[in-house]
Amino acid sequence: MAEIKVDPVDNHTMVIPETEISAQKPHRTLRVASLDIFRGLTVALMILVDDAGGEWPMIGHAPWHGCNLADFVMPFFLFIVGMAIPLALKKIPSKGKAVKKVVFRTLKLLFWGLLLQGGFSHAPDKLTYGVDMQMIRFCGILQRIAFAYLVVALAEIFLKDAQSNDIAAGYCSVFRLLGACILIPYLATLYGTYVPDWQFAVHDKESADYGRVFTVDCNVRGKLNPPCNAVGYIDRGILGINHMYLKPAWRRAKACTENSPYEGPFKNDAPAWCHAPFEPEGILSSISAVLSTIIGVHFGHVLVHLKGHSERLKQWIMMGFALLILGIVLHFTHAIPLNKQLYTFSYVCVTSGAAALVFSAIYILVDIWGLKYMFVPLKWIGMNAMLVYVMAAEGIFAGFINGWYYEDPHNTLVYWIEKHIFIGVWNSRRVGILLYVIFAEILFWAIIAGILHRFGIYWKL
C-alpha cells in the first residue's frame, strides 16, 4: 500500500511507495501531476479569455445570463483551492499552526489582490501607477479566493473531528451542512431583498458621460436583471458605488450597444444602468462562491481517503454529472438562471460539475494512463501559477516591456511582435491576436515556468 503525504506549502498530495516507507530512507516526494495541470489549464484559460476575449466575445464573459468559456475560470480556481485544502492541512497536527498558516496566506492574497486589481497597477497599456483612495476597488479575483479559502480552511481545521471517515456513508456531512448554511441565506437575500430606485454619477474619466448623473428605476423585490438585483444593491450600500468595477460585462449587452456582443459606444437610448459600475466579485456573490470551494474540498477528501483509482473516479464523475445536470435543468426551466455576476446556484452547479469532469479526465490521462508529457507546459504553469498570473494575466511583464519604447509609447517590442509577426502575417486582427495570446503569452510563460522549475524556483504564497 502507498501512503499519501501532503506538502503543507505546495498544497499537493505526494504518493510514497511502501518500500520507501518500510526502508525509512530519505525519499523525494512527488506532486499530484493532475492537480498541477488543472491549475495550469485554468491560468492559461484566464490569459486566453482576458487577452483574446475582446476579439472573440464568444469566449469572453457573458454580458449577463448565460455561461461562456471565461465564466468557468473563477469557479475552477475556487474548486482547485478547495481540493487542495484537506491535502495541505492533513499533515499539520497543531490547530494553532494550521490557523496561523491559513490567516497569513489569506492576508497575502488580499494584499496582492488590492495591489493588482484595486486600481494601483495600470499595466499593460498605461505607463502610470497609483490609485485615488476614493476610487480604489476593494474586491477582485484574489480577494474572492482569499475569502473562500479562509472560510473553508477554518471549517476544515475546526470541524475535522466531527467528520466521518466513511465517504460512502456521507463523509462530507459537515460540509453539506456548511453549504446549506451558505446557500439558504444567499437565496433568501437574493430573492427577498427590496431594491429601491438609485442614482449614480459616472466617474470613469475616459467616458463621454463623465460627471453625468443617472437615475435607475427599480422599486422591486427578487429580480435578477442587471439594474435591480440584490447583489448590486448590497455592494452599492456597503462598498460604495465608487469602489466597484467600472466596466462590467453587461456593457456588451444588446440593450446597451449596437456592437453586441462586442463592446462599443452606448446606444443613444441605452438604459441608465448601462453606464453604471457593477462588482462581479462583490459581497453576496462571494458568499455564494464559497460553495465552489466546498465542492472542491469534497474532491480533496476523496483523494486523501480513497486509495483506488476506480473508487475515486466513481465519486468524482457521479457528483460531476449530478451537479452539471442539476444546473442545466435549473437554467433551462427558468427556475434559477446561469449568472456569473450573481454567482447563482445553477452557475455553481454547472461550473463545479464541469470542474469535476475536467479534473477527472486529466486524472485518467495523467495519473492512470501516465500521459504526463502531453501536458508538460500546463504542468509548469500550474507549479508556478502565481508568477504566471501576475506577470501574464495581470499584464505586469508586458507593462514593464512597454515602458521601453521608441519615440511613441505604442512603439514597443510587445506591439511590434503583435502587429508584424502575428496580425500582419495572418492579415487578420482576430486571428493574429488569438495566436499572439497562445504563443507569445501562454506558451512563452510555460517555457519560463519550466526553466524556473528546472532550478527549483517557485513563487509561493
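Student: In which helix does Met391 lie?

Tutor: Met391 lies in helix H12, residues 385–393. Helices here are DSSP runs (H or I, at least four residues), numbered from the N terminus. This is a predicted model, in which local features need pLDDT of at least 70 and side-chain atom pairs count only at pLDDT 80 or more, while totals for chains, interfaces and linings use all residues. Residues are numbered from 1 along each chain as its sequence is written, and side-chain values use heavy atoms, with hydrogens and water left out.

Student: Is Met391 buried, partly exposed or exposed, and why?

Tutor: Buried means under 20% relative accessible area, exposed means over 50%, and partly exposed lies in between (1.4 Å probe, protein chains only). Met391 counts as partly exposed because its relative accessibility is 24%.

Student: How far apart are Met391 and Ile336 in sequence and in space?

Tutor: The two residues are 55 residues apart in sequence, and their C-alpha atoms are 37 Å apart in space.

Student: How should one read the packing of helix H4 and helix H5?

Tutor: Two packed helices are described by the angle between their axes and the distance between the axes. Axes are lines fitted to C-alpha atoms, for helices over the stretch in contact, and angles run from 0 to 180 degrees between N-to-C directions. Helix H4 (residues 95–117) and helix H5 (residues 141–159) pack at about 170°, with axes 8 Å apart. H4 is therefore roughly antiparallel to H5, a term for angles over 145 degrees.

Student: How is a salt bridge recognised, and how many are there?

Tutor: Side chains of opposite charge can pair when their charged atoms come close. The rule asks for a side-chain nitrogen of Lys or Arg within 4 Å of a carboxyl oxygen of Asp or Glu. By this rule the count is 5 salt bridges.

Student: Which residue pairs with Asp36?

Tutor: Asp36 forms a salt bridge with Arg39, with the closest N and O atoms 3.4 Å apart. Both residues lie in helix H2 (residues 33–52), 3 residues apart, about one turn of the helix. Asp36 is buried, at 0% relative accessibility, and Arg39 is buried as well, at 13%.

Student: What does the salt bridge of Glu281 with Lys340 link?

Tutor: In this salt bridge the closest N and O atoms are 2.7 Å apart. The pair links distant parts of the chain: Glu281 is in the loop between helix H7 (230–238) and helix H8 (283–305), and Lys340 is in the loop between helix H9 (309–332) and helix H10 (345–368). Glu281 is buried at 6% relative accessibility, and Lys340 is buried at 7%.

Terms used
Helix = DSSP H or I, 4+ residues; strand = E, 2+ residues; numbered from the N terminus. Parallel < 35°, antiparallel > 145°, perpendicular 65-115°, else oblique.
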